[in-house]
Amino acid sequence: MKAIQVRQPGGPEAMELVDLPVPEPKANEAVVKLAASGVNFIDVYQREGRYKVPLPFVLGQEGAGAVTAVGADVKGLKAGDRVAYASILGSYAEYAAVPADKLVPVPSGVTDQQAAGAMLQGMTAHYLSHDAFPLQRGETALVHAAAGGVGLLLVQMAHNIGARVIATVSTGEKAKLAREAGADDVILYSQSDFEAETKRFMGGKGVDVVYDSVGKTTFEKGLNILRPRGMMVLFGGSSGAVPPFDLITLSTKGSLYVTRPTLAAYTATREELMARSGAVFGMLAAGKLKLRIEHTYPLAEVQRAHRELEARKTTGKLLLIP
Amino acid sequence: MKAIRVQHTGGPEVMELTEVAAPRPKPNEAVVKVSAAGVNSIDGQFRDGSLRTPLSFIPGQEGAGVVTEVGAQAKTVKIGDRVAWSGVLGSYAEYVVSPEEHLVPVPAAVTDEHAAAAMMHGLTAHYLVNDAHKLKAGETALVHAAAGGVGLLLVQMACAIGARVIGTASSEEKAKLAREAGADEVIIFTRQDFESEVKRLTGGKGVDVVYDGVGKATFEKNLNVMRLRGMLVLYGMSSGPVPPVDPAKLSEKGSLYMARTTLAHFTATREELLARTGALFAMIADGKLKLRIAKTYPLAEAPQAHRDMEARKIAGKMLLVP
């Protein structure tokens, strides 16, 4: 089978199209013929060696396709079942062997491309808006990087809940996307100070929750725009890691809460993984959640996919089609 | 009137019994004849200068008594009303003047001493279990300093909710008090490592919430005894301030939440203050919350009260009775 392998960490050229044997399932695994694989920033970090992975390895953390073989101990899965998964390395390939308890069924109303595109970012947006801070109708959320992969989905889910969404974006084009996703107010942070703008939008009142994947450049100001007892959900650090902070700032700024969640902690049990993926697929099938899949690449063009992702020129989800 | 005055900051001896003019109310204020004033660690912090207030001043933050005079615009209180308060500096005196919005009515079934004793510690315990982390039946809470002023009330309220309570205490004598208050397990932290004990007592699962008024000495280990997505509520720092915290720790230790809370943010509106004190006084009146008034002192013995407080020998509430 064809697969994208990294033998030495490096730039996009470190990814090579190679021929490997089709994997055999271990007792607890199923082999999936991949119809689509998601391209994510974590793939770039692993390719560069910033996140360490034993070499050589096949890249890729999420995908969707059909089961072709199952291991001896696997129950409830058979060849032909449509499945998707996330957070298992090796999806930039024609086939992948995946622990069966990480595979979730894909309903008929959801395409393979949608399923592959929704696993990481869709489930992330879902746990953020439904569990890390369960948003209620009438509450106000500030969403940073609202036109990003998670951002556009988070804005839609927050809007569907009935919350007011204030979004930050870098360009007028991205502001348009955030508005289309349902943002009530959009701040171009390159042109105006998001702290002052948010205070103005809120009449000085403070938002209930800040969803922040930007980190270093936004964290402190984020604390300044929360209402008393508000919640900072820090779920990434695209601008760099937030440095250690003095807890007294949380009390002086209003008995604030901080959490730093990961998707793994919100899909920790089989039950929760099934419920969360099921909820996301349900939204997709019902047309309540729109995925922007505007960039698909054959496996052989993976280097171009990474270059475009890193240049931040793309909007929405990038997929490889093996 | 007689009052305790601090002319310069320092040890307990800087508190002098003096004769000063009784206060008069501004239009939105009331004057209260103090029946009992609570002695709190915050009083020691103002006295020794670690918290600042203009000199000279009359210490004391909480108490209960009877309204003797009201300002022209005061609407919620009248002469003869029994009231209690917290967060009003000047309570170590025969009379105190307070903005009317800080005064709450005391029901007939609650004595002045109970009302004075319950305000800061009782309101704190109440917001911790009902709002800072809304404790539910079946959850497990770790309560540090479970025989302390807040601790003994927090343990009772947590048990009444139906939660399992693991307390920590410094001595067998204090452990006994915590058990009498309802703690299911008590760890004597001077003899046992609370981290390994909590892990053992929860079968490695960790607690849902840690209520910590200790701070520096307990912080790091707290992060190791919470379940996935557990909550640390830090409401005081009796052992000293926690050094700056790297938010990445919260994700590494299991997508944890952390809050640094103060009572003021949980009694910020008149409505919330009345609701919280009402709930608290009802528990006292119904016998569901036992206050432990360890010792009462005449006003002149305020220095001795502070010495006793700082020696940490007295378990339970200390009151000055002017």
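Which residue forms a salt bridge with Asp193(A), and how far apart are the closest N and O atoms?

## A salt bridge within chain A

In this predicted model, the partner of Asp193(A) is Lys221(A), and the closest N and O atoms of the salt bridge are 2.3 Å apart. The pair links distant parts of the chain, 28 residues apart, since Asp193(A) sits in the loop between strand 11 and helix 5 (194-201) of chain A, while Lys221(A) belongs to helix 6 (residues 219-224) of chain A. Over all chains the count of salt bridges comes to 40. In general terms, side chains of opposite charge can pair when their charged atoms come close.

## The sheet that runs through both chains

An open sheet of 12 strands, with mixed pairing, takes in strands of chain A and of chain B in the order 11(A)-10(A)-9(A)-12(A)-13(A)-14(A)-13(B)-12(B)-11(B)-8(B)-9(B)-10(B). At its edges stand strand 11 (185-188) of chain A and strand 10 (185-188) of chain B, each of which has a single partner strand, so that one side of each is left without a neighbour in the sheet. Averaged over the sheet and with direction ignored, neighbouring strands are turned by 15° against each other.

The two chains meet in this sheet where strand 14 (residues 257-259) of chain A is joined by 3 bridges to strand 13 (residues 257-260) of chain B, the two strands running antiparallel. Within that pairing, Tyr257(A) has Ala259(B) as its bridge partner, and Val258(A) stands opposite Met258(B). Towards the chain B edge, helix 5 (residues 194-201) of chain B lies across strand 8 (140-143), strand 9 (164-169), strand 10 and strand 11 (207-212) of that chain, and the helix runs at about 160° to strand 10 of chain B.

## The interface between the chains

Contacts between the chains involve 28 residues of chain B and 29 residues of chain A. The area buried between them is about 2,200 Å², and carbon and sulfur atoms give 59% of this area. On the side of chain B, the residues that lose the most area to chain A are Arg229(B), Tyr257(B) and Arg260(B), which together account for 28% of what that side buries.

The polar part of the interface includes 3 salt bridges between chain B and chain A. One salt bridge between the chains pairs Asp131(B) with Arg229(A), where the closest N and O atoms are 3.9 Å apart. Counting polar contacts across the interface gives 14 residue pairs, with both residues at pLDDT 80 or more. The elements of chain B that give two or more residues to the side touching chain A are helix 2 (112-132), strand 12 (226-234), helix 7 (248-252), strand 13 and helix 8 (270-285). By class, this side of chain B has 16 nonpolar, 6 polar and 6 charged residues.

## A three-stranded sheet in chain A

Chain A also holds an open sheet of 3 strands, ordered 2-1-4, with antiparallel pairing. Strand 2 (15-19) and strand 4 (57-58) of chain A stand at the edges with a single partner strand each, so one side of each has no neighbour in the sheet. Strand 1 (residues 2-6) is joined to strand 2 of chain A by 5 bridges, the two strands running antiparallel, and in this pairing Val6(A) stands opposite Met15(A).

## Backbone details

Most residues other than glycine have a negative phi, and most peptide bonds are trans. Against that background, the peptide bond from Leu55(A) to Pro56(A) is cis, with omega near -15°, and Pro56(A) is placed in the loop between helix 1 (41-48) and strand 4 of chain A. In chain B a cis peptide bond joins Leu55(B) and Ser56(B), with omega about -15°, and Ser56(B) is found in the loop between helix 1 (41-47) and strand 4 (62-70) of chain B.

Positive phi values occur at Arg229(A), a residue other than glycine with phi near 70°, and at Arg229(B), where phi is near 65°. Arg229(A) lies in strand 13 (residues 226-234) of chain A, whereas Arg229(B) lies in strand 12 of chain B.

Notes
Residues are numbered from 1 along each chain as its sequence is written. Chains are lettered from A and ligands numbered from 1 in the order in which they are written. Side-chain values use heavy atoms; hydrogens and water are left out. Two strands pair if DSSP finds at least two bridges between them. Helices (H or I, at least four residues) and strands (E, at least two) are DSSP runs, numbered from the N terminus. Axes are lines fitted to C-alpha atoms, for helices over the stretch in contact, and angles run from 0 to 180 degrees between N-to-C directions. Contact means heavy atoms within 4.5 Å. Buried area is the accessible area (1.4 Å probe) that two parts lose on being put together, summed over both. A salt bridge is a side-chain nitrogen of Lys or Arg within 4 Å of a carboxyl oxygen of Asp or Glu. A polar contact is a pair of N or O atoms within 3.5 Å; within protein, one must be able to donate a hydrogen and the other to accept it, and residues adjacent in sequence count only if both atoms are side-chain atoms. Ala, Val, Leu, Ile, Met, Phe, Trp, Tyr, Cys and Pro count as nonpolar, Asp, Glu, Lys and Arg as charged, and the others, Gly among them, as polar.
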